[in-house]
Amino acid sequence: MKLPIFIADAFTATAFRGNPAAVCLLERTLEEDAHQQIAREMNLSETAFIRKLQPTDSFTQSSRFGLRWFTPVSEVPLCGHATLASAAVLFHKIRNNRNSTLTFVTMSGELKARRAEDGIVLDFPVYPTFPQDFHEVEDLIKAAIGDTLVQDIRYSTDTRKLLVRLSDSYDRSFLESLKVNTEPLPAIEKTGKVRGLILTVKGEPGGQTAPYDFYSRYFAPWVGIAEDPVTGSAHTVLSSYWSQQLRKKEMRAFQCSRRGGELDISLRPDGRVDIKGGAVIVLEGTLTA
């Protein structure tokens with residue numbers, strides 16, 4: 001087996017920042033177990049597999065592909081940064097696929113990625129959040145962040161993500177330096193209700209650094225990811241929440257992991273969200289087995 005493989009850093013314009021994803025191009029059907037084995041070998045938060053939908057399709061000319069995402073331990077239904085990385089590989093590395101928009105058929109329906117002057121725009125669903133009773137998730141939150149002050153708790157039934165808004169008295173530097181204990185979380189929450197934990201704080205109006213409307217960090221130990229550097233799927237939830245809170249449709253977001261990443265967000269009238277980000281391809285080669 002020989003597969004073209006790439007690693008792209010997503011939601012950044014700078015190499016070795018943002019979130020790295022591996023991207024495999026499948027000329028033919030891959031044995032089912034091989035997807036997980038390759039993702040485990042790559043050992044990144046996600047490995048994407050792009051496949052042709054028809055035998056006559058071409059990576060250089062077609063605009064419609066199948067797409068799946070795997071963490072080192074399981075397949076996931078939605079992944080933003082690995083979709084961005086996949087589009088970047090097709091647009092910029094596979095002899096420059098000239099289509100302006102690519103469509104990916106996924107577990108979360110059809111997702112589109114289109115060229116932009118300063119990045120790639122993902123057309124993703126928006127997932128609403130609902131108030132969450134603190135007492136139902138108190139043990140989980142206290143295990144993760146101790147006595148950190150919490151302002152709001154929401155739950156996304158569509159994505160099984162728990163959104164915890166920290167007190168507005170906290171700023172970006174607090175969120176960046178907060179020590180989050182993810183190791184006990186899968187043992188505390190093992191019902192399957194929660195598959196990801198979002199921590200978020202309100203942004204600052206300006207100052208010496210670029211203004212952002214909100215900041216976040218994302219943790220998914222339930223699928224083998226202690227902390228994800230930059231998470232497009234989390235922003236399908238965050239965009240819904242912060243749009244209501246800030247009464248804005250256009251927002252800039254920053255995910256405060258050690259690598260960090262920027263996302264430009266635009267909520268559309270059709271109930272979807274455009275998430276724009278950059279991508280830098282840092283490795284290309286051939287996977288042999």
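## Two domains and the contact between them

The protein chain holds 6 helices and 18 strands, as seen in what is a predicted model. Its radius of gyration is 19 Å, close to the 19 Å that the globule rule gives for 289 residues, so the protein chain is as compact as a globular protein of that length. Taken along the principal axes, the C-alpha atoms of the protein chain fill a box of roughly 55 × 40 × 35 Å.

The domain assignment divides the protein chain into domain 1, which is made of residues 2–125 together with 277–288, and domain 2, which covers 130–270. Between the centres of domain 1 and domain 2, taken over C-alpha atoms, there are 25 Å. To the contact, domain 1 brings 19 residues and domain 2 brings 16 residues. The area that domain 1 and domain 2 bury between them is about 1400 Å², and 51% of it lies on carbon and sulfur atoms.

Polar pairing also joins the two parts: between domain 1 and domain 2 the count is 10 residue pairs in polar contact, with both residues at pLDDT 80 or more. On the side of domain 1 that touches domain 2, the elements that give two or more residues are β2 (19–26), α2 (80–92) and β8 (119–125), and of these β8 gives the most, with 3 residues. Sorted by class, that side of domain 1 has 7 nonpolar, 8 polar and 4 charged residues.

Side chains of opposite charge can pair when their charged atoms come close. The structure holds 21 salt bridges, and the count between domain 1 and domain 2 is 2 salt bridges. Two salt bridges from the structure are set out below, with the distance from N to O.

| Basic residue | Acidic residue | N to O distance |
|---|---|---|
| arginine 268 | aspartate 123 | 3.2 Å |
| lysine 52 | glutamate 27 | 2.6 Å |

Where along the chain do lysine 52 and glutamate 27 lie? Lysine 52 is in strand β3 (residues 47–52), whereas glutamate 27 is in the loop between β2 and α1 (32–42), and the pair, 25 residues apart, thus links distant parts of the chain. As for the other pair in the table, aspartate 123 falls within the residue range of domain 1 and arginine 268 within that of domain 2, and their side chains meet in a salt bridge.

Technical notes
Residues are numbered from 1 along each chain as its sequence is written. This is a predicted model: local features need pLDDT of at least 70, side-chain atom pairs count only at pLDDT 80 or more; totals for chains, interfaces and linings use all residues. Side-chain values use heavy atoms; hydrogens and water are left out. Domain bounds come from an automatic or database domain assignment. Contact means heavy atoms within 4.5 Å. Buried area is the accessible area (1.4 Å probe) that two parts lose on being put together, summed over both. A salt bridge is a side-chain nitrogen of Lys or Arg within 4 Å of a carboxyl oxygen of Asp or Glu. A polar contact is a pair of N or O atoms within 3.5 Å; within protein, one must be able to donate a hydrogen and the other to accept it, and residues adjacent in sequence count only if both atoms are side-chain atoms. Helices (H or I, at least four residues) and strands (E, at least two) are DSSP runs, numbered from the N terminus. Ala, Val, Leu, Ile, Met, Phe, Trp, Tyr, Cys and Pro count as nonpolar, Asp, Glu, Lys and Arg as charged, and the others, Gly among them, as polar. The radius of gyration is taken over C-alpha atoms; the globule rule is 2.2 Å times the number of residues to the power 0.38.
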